[in-house]
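Trainee: Please take a close look at a single part of this model, and describe what it packs against and how it is tied to the rest of the chain.

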Amino acid sequence: MDPTPTSDNRPEICFFDLETTVPQRRGQGYSILEFGAILVCPKRLLELHSYSSLVRPDNLSLISPASVRCNGITREAVVSAPSFSEIADEVHDLLHGRVWAGHNIVRFDCVRIREAFEKIGRAAPEPKGIIDSLALLTQRFGRRAGNMKVFLFLIKTSAFFLFL
């Protein structure tokens, strides 16, 4: 992949999802525990590339029983995983200048990505546009949409209709 592409020549949609710790007290913040993404051609809806990695937080004690109940990721699972700073180049390259897509990414995932890059002293990737399935599903299902776990193929389908 070209390390310095412009937004104009990055037409792919990047569907991504994060798993994070669950803060146990006010002001604690989140730590990314897993990042996964697929790049999709918006015209043919073909998967072009995929990437996923567990992520070791700076402080393993942030992985509380509540975090494990929420996402199933244990301390043992991430102890030998790379830190976010070790995968930041790949994450940036996947996201920067592309349309970002996912469920509840505007209020959660996008914010966590920006926080993670800020924490390591790097500029965060910027999207060309955002497709958040929470907004799309809220139109159809109301407030219940926030509790729905959407599979990537459903998001791909939504993206297909948006780009027709």
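Mentor: What follows deals with helix α3, and then with the parts around it.

The model is predicted, so local features need pLDDT of at least 70 and side-chain atom pairs count only at pLDDT 80 or more, while totals for chains, interfaces and linings use all residues. Residues are numbered from 1 along each chain as its sequence is written, and side-chain values use heavy atoms, with hydrogens and water left out.

Helices and strands here are DSSP runs numbered from the N terminus, helices being H or I of at least four residues and strands E of at least two. The sheet comes first, as the background to the helix. Five strands make up an open sheet with mixed pairing, in the order β3-β2-β1-β4-β5. Its edge strands, β3 and β5, each pair on one side only. Averaged over neighbouring strands, the turn of one against the next is 20°, with direction ignored. Two strands count as paired if DSSP finds at least two bridges between them. β1 runs parallel to β4 (residues 99–102), and three bridges join the two. Within this pair, I13 stands opposite V99 in β4. Helix α3 packs on the sheet and touches β1, β2 (32–40), β3 and β4, with its direction at about 25° to that of β2. Contact means heavy atoms within 4.5 Å; axes are lines fitted to C-alpha atoms, for helices over the stretch in contact, and angles run from 0 to 180 degrees between N-to-C directions.

Which residues of α3 are buried? They are F84, I87, A88, V91, H92, D93, L94 and L95. Buried stands for a relative accessible area under 20%, exposed for over 50%, and partly exposed for values in between, with a 1.4 Å probe and protein chains only. The buried residues of α3 pack against β1, β2, β3, β4 and also α4. After the helix comes G97, which has a positive phi near 75°.

The contacts of F35 show part of this packing in detail. Leaving aside residues up to four places away in sequence, F35 touches F16, D17, L18, Y51, S52, S53, V55, I87, V91, L94, L95 and I113. F35 is also among the residues with the most contacts inside the largest nonpolar core, along with F16, F84, V91, L95 and I113; that core has 21 residues. The elements that give two or more residues to the core are β1, β2, α3 and α4. Its largest share, six residues, comes from α3. A second core of seven residues is separate, and includes I13, I38, V40 and A101. A nonpolar core is taken as a set of buried Ala, Val, Leu, Ile, Met, Phe, Trp, Tyr and Cys residues joined through side-chain atoms within 4.5 Å. In soluble globular proteins, nonpolar side chains tend to be buried together.

Next, the charged contacts of the helix. A salt bridge requires a side-chain nitrogen of Lys or Arg within 4 Å of a carboxyl oxygen of Asp or Glu, and the count by this rule is seven. One of them joins D93 and R10, whose closest N and O atoms are 3.4 Å apart. This pair links distant parts of the chain, 83 residues apart, with D93 in helix α3 (residues 84–95) and R10 in the segment before β1 (13–20). D93 and R10 are both buried. Another salt bridge is formed by the side chains of E86 and R56, at 3.8 Å from N to O. Here the partners are 30 residues apart, E86 in helix α3 and R56 in the loop between β3 (47–54) and α1 (65–71). E86 is exposed, at 55% relative accessible area, whereas R56 is partly exposed at 28%.

Helix α4 is the remaining neighbour to describe. It lies across β1, β2, β4 and β5, at about 80° to β1. The buried residues of α4 are I105, D109, C110, R112, I113, A116 and F117, and they pack against β1, β2, α3, β4 and β5. G121 follows α4 and has a positive phi, near 75°.
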